[in-house]
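The following report looks at surface pockets, a surface patch and a handful of individual residues. Please keep the sequence and the structure in view while reading.

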Amino acid sequence: MAGASVARSKHTYLGAQFRRLVPHRGAKRATVAVGHSILVAAWHILHDLVPYRDLGPDHFTNRLGRERQTRRLLAQLATLGLDVTVTQREEAT
């Protein structure tokens with residue numbers, strides 16, 4: 001099954017999708033979900049005649065955007081009763 005082989009990949013969107021789904025659905029259902037994603041991607045590639053473009057392994061962590069994710073995480077910490085001060089890290093030159 002293609003979903004099982006893709007699940008072992010480390011630097012792809014489909015591998016990240018598998019690792020994200022395993023804790024919630026289990027390995028077998030996550031494999032089927034990845035296989036479904038492959039099928040949907042193949043249909044779009046063949047229908048629209050476009051090349052495959054992998055979204056990357058960090059798609060799920062960066063899809064909200066940096067500012068929105070920062071606000072979300074700070075709100076979670078505030079809900080836990082923690083006061084947090086965030087400062088921007090200086091870039092090393």
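This is a predicted model, and the account below begins with the lining of its largest pocket. The residues of that lining divide into three nonpolar, six polar and five charged. In total 14 residues line the largest pocket, and those nearest its centre are Arg66, Thr70, Val86, Thr87 and Gln88. The space in this pocket comes to about 430 Å³. Which helix gives the most to the lining of the largest pocket? Helix 5, which covers residues 66–79, gives the most, with six residues.

For the second largest pocket, the space is about 270 Å³. Of the 13 residues that line the second largest pocket, Ala41, His44, Ile45, Tyr52 and Arg53 are the closest to its centre. By class, its lining has nine nonpolar, two polar and two charged residues. Helix 2 (13–25) and helix 3 (27–48) each supply at least two residues of this lining, and helix 3 gives the most, with five residues.

Two of the residues closest to the centre of the second largest pocket, His44 and Tyr52, can be described further. His44 has its place in helix 3, and with a relative accessible area of 38% it is partly exposed, because the partly exposed class lies between the 20% limit for buried residues and the 50% limit for exposed ones. His44 is also twelve residues from Val32 in sequence, and the C-alpha atoms of His44 and Val32 are 19 Å apart in space. Tyr52, by contrast in its setting, is found in the loop between helix 3 and helix 4 (59–62), and at 47% relative accessibility Tyr52 counts as partly exposed. Between Tyr52 and Ala42 there are 8.3 Å in space, C-alpha to C-alpha, for a separation of ten residues in sequence.

The loop between helix 3 and helix 4 also holds Leu49. Is Leu49 buried or exposed? At 73% relative accessibility, Leu49 counts as exposed. The backbone of Leu49 deserves a remark as well, since its phi is near 55°, a positive value in a residue other than glycine.

Turning to helix 5, both Leu74 and Arg71 have their place there. Leu74 counts as partly exposed at 32% relative accessibility, and Leu74 belongs to a nonpolar patch on the surface that is formed together with Leu77, Leu80, Leu82, Val84 and Val86. The accessible area of the residues in this patch is about 510 Å² together. Val86 thus links two parts of this account, because Val86 is a member of the patch and is also among the lining residues that lie nearest the centre of the largest pocket. Arg71, at 55% relative accessibility, counts as exposed. The C-alpha atoms of Arg71 and Leu46 are 39 Å apart in space, while the two residues are 25 residues apart in sequence.

The C-alpha separations mentioned above are collected here.

| Residue pair | Apart in sequence | C-alpha to C-alpha |
|---|---|---|
| Tyr52 and Ala42 | ten residues | 8.3 Å |
| His44 and Val32 | twelve residues | 19 Å |
| Arg71 and Leu46 | 25 residues | 39 Å |

Conventions. Residues are numbered from 1 along each chain as its sequence is written. This is a predicted model: local features need pLDDT of at least 70, side-chain atom pairs count only at pLDDT 80 or more; totals for chains, interfaces and linings use all residues. Side-chain values use heavy atoms; hydrogens and water are left out. On a 1 Å grid over the protein atoms alone, a cavity is a set of points where a 1.4 Å probe fits but cannot get out, and a pocket is an open set with protein on both sides within 12 Å along at least five of seven lines; lining residues have an atom within 4 Å of a point. Grid points are joined across faces, edges and corners, and a volume is the space filled by probe spheres set on the points. Helices (H or I, at least four residues) and strands (E, at least two) are DSSP runs, numbered from the N terminus. Ala, Val, Leu, Ile, Met, Phe, Trp, Tyr, Cys and Pro count as nonpolar, Asp, Glu, Lys and Arg as charged, and the others, Gly among them, as polar. Patches are made of residues with over 30% relative accessible area and no salt bridge: like charges are joined within 9 Å, nonpolar side chains (Val, Leu, Ile, Met, Phe, Trp, Tyr) within 5 Å. Accessible areas come from the Shrake-Rupley method with a 1.4 Å probe; for residues, only the protein chains shown count as cover. A salt bridge is a side-chain nitrogen of Lys or Arg within 4 Å of a carboxyl oxygen of Asp or Glu. Buried means under 20% relative accessible area, exposed over 50%, partly exposed in between (1.4 Å probe, protein chains only).
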